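Visitor: I am new to this structure and would like to understand how its descriptions are justified. Please guide me through it.

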Amino acid sequence: MKTILKSSSMLLLLSFSQLSLAGTFIDSASVVSVDKVYKQVRVEEPYKECYIKETVQNNGDGSATNEIIGGVIGGAIGNQFGEGDGKDIMTLAGILMGASIANDAEKAAANGTQKVISQEVCENKVRQKIEKRLSHYKVTVDYNGSEVSFSTKRRPFDDVIKIEVTVDGLEN
């Protein structure tokens, strides 16, 4: 029992002698350089593109009213002729003839003239472009004769700055 206790206390003593000093503290360092680091970013930029669109339109009232009325009158007249299924066929033929005659009459009244309508048309579009944007700063400092670099979002403005020093792995 004594040898087991003696061995374990020896082991404990050896492990304490192998412990390293570790810790963190704040110290000062001289700024050697501050470099801006950029990254490329894809940006979508909306814009409106407008142009003049010309449309040719036949003169007329642009309404189907005349053709509809012509079809109704033609259908009524066609309905007066024929018997049985023939009556239905004559009514349909009257509708088509009446609409066609009204359409032809409207075109004849326009004398075959046409007008050009100019209209501004606008379309919403998106163009993509690549922009160079500031990502962070690479700061190099001189700390006890050694140059150390680190990245930060904030630019240091002083020649001497406070840094956090972490000591790890120093053995006795």
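Guide: The model shown is predicted. Its secondary structure consists of 3 helices and 4 strands, and the order from the N terminus is α-β-α-α-β-β-β. The protein has 172 residues, and 14% of them count as buried.

Visitor: Why is Met90 called partly exposed?

Guide: Met90 has a relative accessibility of 35%. Buried requires under 20% and exposed requires over 50%. The value for Met90 therefore falls in between, and the residue counts as partly exposed. Met90 is part of helix H3, residues 85–109.

Visitor: What makes Met90 eligible for a nonpolar patch on the surface?

Guide: Patch residues need over 30% relative accessible area and no salt bridge, and Met is listed among the nonpolar side chains. At 35%, Met90 is over that cut-off. Met90 forms the patch with Ile69, Ile73, Ile77 and Phe81, and together they have about 480 Å² of accessible area. Helix H2, residues 65–78, contributes the largest share, 3 residues.

Visitor: How do you know that Asn144 is exposed?

Guide: The relative accessible area of Asn144 is 66%. Exposed means over 50%, so Asn144 meets the criterion. Asn144 is found in the loop that lies between strand S2 (114–143) and strand S3 (146–152).

Visitor: What makes the phi of Asn144 worth a remark?

Guide: Most residues other than glycine have a negative phi. Asn144 is not a glycine, yet its phi is positive, about 55°.

Definitions and conventions. Residues numbered from 1 in each chain as written. Predicted model: local features only at pLDDT ≥ 70, side-chain atom pairs only at ≥ 80, totals over all residues. Heavy atoms only, no water. Helix = DSSP H or I, 4+ residues; strand = E, 2+ residues; numbered from the N terminus. Buried < 20%, exposed > 50% of the residue type's maximum accessible area, 1.4 Å probe, protein only. Patch = residues over 30% accessible without salt bridge, like charges linked within 9 Å, V, L, I, M, F, W, Y side chains within 5 Å. Areas by Shrake-Rupley, 256 points an atom, 1.4 Å probe, with all protein chains shown as cover. Salt bridge = Lys/Arg side-chain N within 4 Å of Asp/Glu carboxyl O.
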